Amino acid sequence: MTQVSITEFRNHIKKYSELVREQDFEVVNRGEVVFVVKSPKSNKEDAFNALMGAVKSDIAYEDILEKKVVEL
């Protein structure tokens with residue numbers, strides 16, 4: 001993740017308000033992360049990635065759950 005100093009962020013806030021549309025970044029003060037600026041896109045990407053690998057199945061959810069419980 002990109003890091004930017006708090007002074008740089010403050011002095012060029014317009015630049016970073018445009019950058020955040022494309023990526024997240026951390027604002028640091030003396031090497032310590034003060035806050036993270038999250039892109040609105042990141043929530044959509046996280047949601048999409050959470051669904052990756054999910055497939056439709058003909059097996060009932062209850063049957064799958066029961067098999068998983070037996071495995072434990």
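What percentage of the 72 residues of the protein count as buried? The share is 17%. The model is a predicted one. Its accessible surface comes to about 6300 Å². Carbon and sulfur atoms own 55% of that surface.

## Overall layout

The protein has four helices and three strands. Read from the N terminus, the elements follow the order β-α-α-β-β-α-α. Take the contacts between residues at least 6 apart in sequence: 15% of them join residues at least 24 apart.

## The sheet

The three strands make an open sheet in the order 1-2-3, and the pairing is mixed. Strand 1 and strand 3 are the edge strands, each pairing on one side only. From one strand to the next, the twist averages 35 degrees. Strands of a sheet pair through backbone hydrogen bonds, in either the parallel or the antiparallel sense.

Both senses occur here. Strand 1 covers residues 2–5 and pairs with strand 2 in the parallel sense, over four bridges. Strand 2 and strand 3 pair in the antiparallel sense, over five bridges.

Strand 2 spans residues 25–29 and is mostly covered. Four of its five residues are buried.

Some bridge partners can be named. Q3 has E26 of strand 2 as its bridge partner. E26 also stands opposite V36 in strand 3. V27 stands opposite F35 in strand 3. N29 has E32 as its bridge partner in strand 3.

In a regular strand, side chains alternate between the two faces of the sheet.

## The hairpin turn

Strand 2 and strand 3 form a hairpin, with two residues between them. R30 sits in this turn, in the loop between strand 2 and strand 3. Its backbone stands out on one count: R30 has a positive phi of about 55 degrees although it is not a glycine. How is R30 placed, buried or exposed? R30 is exposed, with a relative accessible area of 83%. The cut-off for that class is over 50%.

## A second arginine

R10 belongs to helix 1, which runs over residues 6–11. R10 is exposed too, because its relative accessible area is 57% and exposed means over 50%. R10 and V27 are 17 residues apart in sequence. In space, their C-alpha atoms are 9.8 Å apart.

## Salt bridges

Side chains of opposite charge can pair when their charged atoms come close. How many salt bridges does the count come to? The count is two. The table gives both pairs.

| Pair | N to O distance |
|---|---|
| E8 and K15 | 3.8 Å |
| D24 and K38 | 3.3 Å |

In the pair of E8 and K15, the side chains meet at 3.8 Å, N to O. E8 counts as partly exposed, at 25% relative accessibility. K15 also counts as partly exposed, at 47%.

The other salt bridge joins D24 and K38. What does this pair tie together? D24 lies in the loop between helix 2 (13–19) and strand 2, and K38 lies in the loop between strand 3 and helix 3 (40–51), so the pair ties together parts that are 14 residues apart in sequence.

Are D24 and K38 buried or partly exposed? D24 counts as buried because its relative accessibility is 16%, and the cut-off is under 20%. K38 counts as partly exposed, at 46% relative accessibility.

## A nonpolar surface patch

Which residues form a nonpolar patch on the surface? M1, V33 and V36 do. Together they have about 270 Å² of accessible area.

V33 is found in strand 3, which spans residues 32–37. V33 is partly exposed, with a relative accessible area of 38%. Why can V33 join such a patch? Patch residues need over 30% relative accessible area, and V33 has 38%, so V33 passes that cut-off. V36, another member of the patch, stands opposite E26 across the pairing with strand 3.

Notes
Residues are numbered from 1 along each chain as its sequence is written. This is a predicted model: local features need pLDDT of at least 70, side-chain atom pairs count only at pLDDT 80 or more; totals for chains, interfaces and linings use all residues. Side-chain values use heavy atoms; hydrogens and water are left out. Patches are made of residues with over 30% relative accessible area and no salt bridge: like charges are joined within 9 Å, nonpolar side chains (Val, Leu, Ile, Met, Phe, Trp, Tyr) within 5 Å. Accessible areas come from the Shrake-Rupley method with a 1.4 Å probe; for residues, only the protein chains shown count as cover. A salt bridge is a side-chain nitrogen of Lys or Arg within 4 Å of a carboxyl oxygen of Asp or Glu. Buried means under 20% relative accessible area, exposed over 50%, partly exposed in between (1.4 Å probe, protein chains only). Two strands pair if DSSP finds at least two bridges between them. Axes are lines fitted to C-alpha atoms, for helices over the stretch in contact, and angles run from 0 to 180 degrees between N-to-C directions. Contact means heavy atoms within 4.5 Å.
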